[in-house]
Amino acid sequence: MKKWILILGVAAATLSACSNDEPSSVAKNDPKKAETQAEPTLPSEGFYVDATDLKVDHIHGLGYPASGDAFMLASHHGPVMYEDGVWKETKTEKHDYMGFHAVSDGFVSSGHPEPGSDYENPLGLLKSTNLGESFEQYAFEGEIDFHYLGAGYETGRIYVFNQMPVEGMENGFFYTDDLGESWETMAMERFDAQQMSNISAHPTEADTVAIGTERGVYTSNDGGKSFELAVEGVYTTYVMQGTDAAYIAELKDDKMVLHKTDLASGEGETLAIPELTAENSIIFMAQHPTNTKELTFATLQNDVYQSTDGGATWEQLLNKGSVK
């Protein structure tokens with residue numbers, strides 16, 4: 001397999017590849033966990049409480065879990081929720097989620113447990129079906145913290161980049177369809193980039209995955225076996241595959257630009273967004289699971305903006321992590 005060397009940057013990962021062998025399957029022997037995952041439920045009454053003095057540091061992801069109207073921010077000090085103009089936070093289970101992605105029945109993530117927790121650190125691959133009140137650790141708990149993770153909202157497919165080689169998973173790109181019971185190595189043919197912003201799994205097409213890079217957006221329609229540079233010459237800080245189109249955050253002349261693009265044709269439009277510089281790049285973005293006109297993005301300095309009209313106008317919900 002290709003060996004990938006990762007150097008973490010501010011808003012991107014720097015990659016280099018050496019050697020070139022055939023792809024292979026790897027497995028973490030933890031059978032039956034995926035078969036016993038809980039059905040989605042609401043958290044207990046009182047688990048989320050109104051946030052009276054909200055301060056969010058280090059946003060690590062955002063999305064709309066469990067097909068709901070509320071969106072969740074994953075932060076260094078646990079999850080927070082926003083719905084109908086109200087921010088809510090938890091008093092417990094304040095885990096440091098990394099690689100967070102909302103899915104139709106909850107969310108998947110990695111990261112580190114809160115101090116004093118009984119969960120193994122790092123968290124490995126986990127899934128919650130009750131908005132974070134509890135979760136199941138499915139693979140590599142105590143071994144790997146997946147910073148680069150993409151999950152299909154409806155498909156169950158999870159893509160990861162592993163920068164922490166352990167027994168059972170080498171360094172490289174992989175995907176799983178059974179919550180980490182087994183993994184397939186991605187061959188990454190024709191993928192030629194030095195920096196990576198994120199991995200974006202298509203919400204309904206399991207084999208379609210996009211990766212943002214300093215060269216543009218690479219896409220694959222065969223589960224990462226081969227890639228094409230679908231959008232060229234765009235220094236990408238984040239790419240999100242929505243149900244209607246892809247949304248690409250580009251850093252151009254020290255300014256952020258947001259494009260809505262059909263990755264198959266390369267055609268699209270540029271959306272008007274608030275003025276943002278490189279120091280406050282867009283680093284996460286999500287689309288409402290049933291209302292394609294609702295878009296939310298977060299920035300490097302913990303600003304959060306939301307549009308309910310497809311990107312024509314934006315409301316700032318957080319200013320440097322605080323309620324505006």
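This passage describes the strands, the sheet pairing and the nonpolar core of one protein chain, as seen in a predicted model.

The protein chain is built with 29 strands and zero helices. Of its 324 residues, 56% are buried, and the chain as a whole exposes about 13800 Å², of which carbon and sulfur atoms supply 45%. When contacts between residues at least 6 apart in sequence are considered, 46% of them join residues that are at least 24 apart.

Strand 10, which spans residues 106–112, illustrates how one strand is placed between its neighbours in the sequence. Strand 10 is mostly covered, with six of its seven residues buried. Strand 9, formed by residues 96–103, runs antiparallel to strand 10 and is joined to it by six bridges, and the hairpin that links strand 9 to strand 10 passes through two residues. Within this pairing, methionine 98 has serine 110 of strand 10 as its bridge partner. Strand 10 also pairs with strand 11, residues 125–128, in the antiparallel sense and over three bridges; here serine 109 has leucine 126 of strand 11 as its bridge partner. In general, strands of a sheet pair through backbone hydrogen bonds, in either a parallel or an antiparallel manner.

Later in the chain, five strands form an open sheet with antiparallel pairing, in the order 25-26-27-28-29. The edges of this sheet are strand 25 (282–287) and strand 29 (322–323), each of which pairs on one side only. Inside the sheet, strand 26, residues 295–299, and strand 27, residues 304–307, run antiparallel and are joined by four bridges, with threonine 296 standing opposite glutamine 306 of strand 27.

The largest nonpolar core comprises 35 residues, and Leu73, Trp87 and Met285 are those with the most contacts inside it. Strand 25 gives the most to this core, contributing five residues, so that an edge strand of the open sheet is also the main contributor here. Leaving aside residues up to four places away in sequence, methionine 285 touches Leu62, Tyr238, Met240, Tyr247, Leu258, Leu295, Thr296, Phe297 and Trp314. Among these contacts is Thr296, the residue that stands opposite glutamine 306 in the pairing described above. As a general tendency, nonpolar side chains in soluble globular proteins are buried together.

Terms used:
Residues are numbered from 1 along each chain as its sequence is written. This is a predicted model: local features need pLDDT of at least 70, side-chain atom pairs count only at pLDDT 80 or more; totals for chains, interfaces and linings use all residues. Side-chain values use heavy atoms; hydrogens and water are left out. Buried means under 20% relative accessible area, exposed over 50%, partly exposed in between (1.4 Å probe, protein chains only). Two strands pair if DSSP finds at least two bridges between them. Contact means heavy atoms within 4.5 Å. Accessible areas come from the Shrake-Rupley method with a 1.4 Å probe; for residues, only the protein chains shown count as cover. A nonpolar core is a set of buried Ala, Val, Leu, Ile, Met, Phe, Trp, Tyr and Cys residues joined through side-chain atoms within 4.5 Å.
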